[in-house]
Amino acid sequence: MEALIKKYALGTSSLLPILPDGEPEGWLADTNREVLKRLIRPEFRLVVDGGSWKGCSAYFMCKCHPSCKVVCIDSWKGSPEHQSRSDLPELFEQFKANMSIFSYRILAIRDDWRKGIWELIENDVSPDLIYIDWQHEYDDVRSQLELIVPAFPDAVICGDDFNKPGVNRAVREYADRFQLALKDNVTIWWFEKHNL
Ligand SMILES: C[S@@+](CC[C@H](N)C(=O)[O-])C[C@H]1O[C@@H](n2cnc3c(N)ncnc32)[C@H](O)[C@@H]1O
């Protein structure tokens with residue numbers, strides 16, 4: 001873990017933080033906030049933010065726990081639906097600036113999600129929770145679940161966009177196939193571990 005902390009330390013940014021309403025701009029519904037607050041338990045040491053954008057979800061996770069580390073895995077190239085946005089070229093710099101207040105708790109793996117997850121597997125990292133919020137198509141989410149769930153049997157696995165058809169179908173099918181206790185609150189889904 002020490003090697004990973006060194007390799008993926010956040011580093012400094014050439015930009016200033018932009019925190020409208022006191023946090024980075026992003027997509028974190030109130031339903032996600034309410035559930036994440038419950039899922040992130042006091043004994044947790046490390047959680048994964050799968051898809052970080054400008055830091056909204058990672059920032060919220062840091063606020064939910066006083067010390068837990070947050071591994072952010074993102075290409076910082078945007079998802080297919082973001083490709084015409086003007087803020088893409090500076091996305092990673094803005095993420096670093098926005099997260100600077102929590103920099104000592106953040107690891108930033110700037111790569112495709114699959115490579116980032118393999119980096120954790122190969123380094124025997126055991127996250128307590130993984131929040132999945134990369135691409136939202138059925139095939140993407142299905143592949144994400146097929147790699148992540150068996151690789152981290154002790155982690156709470158959850159994700160955004162349960163209200164999107166591709167995510168909803170992939171998550172439901174996976175839960176049925178492996179008889180996992182699927183819970184949701186409109187936008188967020190999770191596989192229940194602790195009777196929350
Ligand atoms: C919806 S945004 C994440 C929003 C963030 N969780 C928040 O609360 O604001 C999706 C993110 O996934 C990243 N992403 C999309 N496809 C990816 C891939 N194949 N590998 C790594 N990151 C990817 C994008 O760069 C983008 O930052």
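Helices, of at least four residues, and strands, of at least two, are taken here as DSSP runs and numbered from the N terminus. On that basis, the chain of this predicted model contains seven helices and seven strands. Their order along the sequence is α-α-β-α-β-α-β-α-β-α-β-α-β-β. The radius of gyration of the chain is 16 Å, close to the 16 Å that the globule rule gives for 196 residues, so the chain is as compact as a globular protein of that length.

The overall dimensions and the contacts add to this description. Along the principal axes, the C-alpha atoms of the chain fill a box of roughly 45 × 40 × 30 Å. Of the 196 residues, 38% are buried. When contacts between residues at least 6 apart in sequence are considered, 75% of them join residues at least 24 apart.

Helix H4, which comprises residues 91-98, may be considered next. This helix is mostly covered, with six of its eight residues buried. Those buried residues are Phe92, Gln94, Phe95, Lys96, Ala97 and Asn98. Among the elements that cover them are helix H3 (56-64) and strand S3 (106-110).

Further along the chain lies helix H6, residues 138-151. At 1.5 Å a residue, its 14 residues should span 20 Å, the expected span being 1.5 Å times one less than the number of residues; the end C-alpha atoms of H6 are 20 Å apart, which agrees with that expectation. Within H6, the buried residues include Val141, Gln144, Leu145 and Ile148. The surroundings against which the buried residues of H6 pack comprise two helices and two strands: helix H5 (113-122) and helix H7 (165-178), together with strand S4 (129-132) and strand S5 (156-159).

The packing of H6 with H7 can be followed in greater detail. Two packed helices are described by the angle between their axes and by the distance between those axes. For H6 and H7, the angle is about 35° and the axes are 8 Å apart. Their crossing is right-handed. On the H6 side, Tyr138, Val141, Arg142 and Leu145 take part in the contact, and they meet Gly166, Val167, Arg169, Ala170, Val171 and Tyr174 of H7. The residues of this contact divide into seven nonpolar, one polar and two charged. Val141 and Leu145 of H6, which are among the residues that meet H7, are also among the buried residues of H6.

How values were computed. Residues are numbered from 1 along each chain as its sequence is written. This is a predicted model: local features need pLDDT of at least 70, side-chain atom pairs count only at pLDDT 80 or more; totals for chains, interfaces and linings use all residues. The radius of gyration is taken over C-alpha atoms; the globule rule is 2.2 Å times the number of residues to the power 0.38. A residue is buried if 20 or more other C-beta atoms lie within 10 Å of its own, exposed if 12 or fewer, and partly exposed in between; C-beta atoms are placed from the backbone. Two residues are in contact if their C-beta atoms, placed from the backbone, lie within 7 Å. Axes are lines fitted to C-alpha atoms, for helices over the stretch in contact, and angles run from 0 to 180 degrees between N-to-C directions. A crossing is left-handed if the near helix is turned anticlockwise from the far one by less than a right angle, and right-handed if clockwise. Ala, Val, Leu, Ile, Met, Phe, Trp, Tyr, Cys and Pro count as nonpolar, Asp, Glu, Lys and Arg as charged, and the others, Gly among them, as polar.
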